[in-house]
Amino acid sequence: MKHGKKYTDSSKLVDSNKLYEPAEALDICAKTGKAKFDETVEIHVRLGVDSRHADQQVRGAVVLPNGTGKKVRVLVFARGDKAEAAKAAGADYVGAEDMMEKIQKENWMDFDVVVATPDMMGIVGRLGKILGPRGLMPNPKAGTVTPDAAKAVEEAKAGKIEYRLDKTNIIHCPIGKVSFGAEKLQQNFDTLMDAIVKAKPAAAKGQYVRSCVVATTMGPGVRINPARFIGAAAQAEA
């Protein structure tokens, strides 16, 4: 694959044979963001678990202290007072059967997060084949199935992100924008990694964090030394 000049120039800042400490890696990452738009900085963490086993799943949600830099559109399935509270909290769309039909009939997907009160899951469940593959299905572990829909809306707007394993046992998450700078990116990075380390399944054996890479949308990956997380994972397990 042939890369453009900006990518090639950015690659010169990265030693592909080196494992960096987070502060240095994120500083380099911020410098590699040379696109005309404010690139997202993403983290890719390979874990020593097997996602095919239910007792080795790693999934949860965390509010990043500096947000993601992205405007989040929230759809809430709720009725009555809880629907009104969700609207007051800043939900972009609130409804019940009307929203379900809009998604089913119009293939409407102009939202980033879906929140539902428990009593609405009978309706939301019918959207499983649409929302599930897109990672949008509400889930109690992520705090998106909750009686307090207003709080879930506030957290989503504040920069709450969900982390979960893909089929190759890797977690992919945004941790901010290049414009944040290295310090704010590291605060978000530390918050997310602390949550992932604490979520280590009891059934996981051997080294938990196998590799960790940060990269901008258009830039090269910068490898972080996973050894720094080994002690933390052992402490969390204890």
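Me: Buried means under 20% relative accessible area, exposed over 50%, and partly exposed in between (1.4 Å probe, protein chains only). Is Cys-212 buried or exposed, then?

Reply: Cys-212 is buried, at 1% relative accessibility. Bear in mind that this is a predicted model: local features need pLDDT of at least 70, side-chain atom pairs count only at pLDDT 80 or more, and totals for chains, interfaces and linings use all residues. Residues are numbered from 1 along each chain as its sequence is written, and side-chain values use heavy atoms, with hydrogens and water left out.

Me: How many disulfides?

Reply: Zero, taking a disulfide as a pair of cysteine sulfur atoms within 2.5 Å.

Me: What about Cys-173, which cysteine sulfur is nearest to it?

Reply: That of Cys-212, 11 Å away, and Cys-173 is in no disulfide. Cys-173 is also buried, with a relative accessible area of 1%.

Me: And why is there no bond from Cys-212 to its closest cysteine sulfur?

Reply: Because that sulfur, in Cys-29, is 11 Å from the one in Cys-212, too far for a bond.

Me: On to the sheet. Which sense do β1 and β8 pair in, and over how many bridges?

Reply: Antiparallel, over seven bridges, with β1 at residues 40-47 and β8 at 209-216. Strands here are DSSP runs (E, at least two residues), helices are runs of H or I of at least four, and both are numbered from the N terminus. Two strands pair if DSSP finds at least two bridges between them.

Me: Which residues in β8 stand opposite Val-41 and His-44?

Reply: Val-41 faces Thr-216. His-44 faces Val-213.

Me: How does β1 pair with β7?

Reply: Antiparallel, over seven bridges. Ile-43 has Cys-173 in β7 as its bridge partner.

Me: And what do β8 and β9 form?

Reply: A hairpin, with five residues between the two strands. Three bridges join β8 to β9 (residues 222-224), and they run antiparallel. Val-214 stands opposite Val-222 there.

Me: Anything else by Val-222? Which residue 202 along the chain has its C-alpha 7.5 Å away?

Reply: Tyr-20. Tyr-20 sits in the loop between α1 (5-11) and α2. Tyr-20 is buried too, with a relative accessible area of 4%.

Me: Now β2. Which of its side chains point to the buried face?

Reply: Gly-60 and Val-62. Arg-59, Ala-61 and Val-63 point to the other face and are not buried, so the side chains alternate along β2 (residues 59-63). β2 runs antiparallel to β6, joined by five bridges. Ala-61 has Glu-162 as its partner in β6.

Me: Core next. Which residues touch the most other members of the largest nonpolar core?

Reply: Ile-43, Leu-47, Phe-189, Leu-192, Ile-196 and Val-214, out of 37 residues. A nonpolar core is a set of buried Ala, Val, Leu, Ile, Met, Phe, Trp, Tyr and Cys residues joined through side-chain atoms within 4.5 Å.

Me: Which elements give two or more residues to this core?

Reply: α2 (22-32), β1, β6, β7, α8 (182-198), β8 and β9. The largest share, six residues, comes from α8.

Me: Where's the space? How much lies in the largest pocket?

Reply: About 790 Å³. On a 1 Å grid over the protein atoms alone, a cavity is a set of points where a 1.4 Å probe fits but cannot get out, while a pocket is an open set with protein on both sides within 12 Å along at least five of seven lines; lining residues have an atom within 4 Å of a point. Grid points are joined across faces, edges and corners, and volume is the space filled by probe spheres set on the points.

Me: Which lining residues are closest to its centre?

Reply: Asp-112, Val-113, Lys-160, Ile-161 and Glu-162, among 33 lining residues. β7 gives the largest share of the lining, six residues.

Me: Any odd backbone? What is phi at Asn-107?

Reply: Near 55°, a positive value in a residue other than glycine. Asn-107 lies in the loop between α4 (97-106) and β5, and is exposed at 53% relative accessibility. Asn-169 has a positive phi as well, about 65°. Asn-169 is in the loop between β6 and β7, and counts as buried at 15%.
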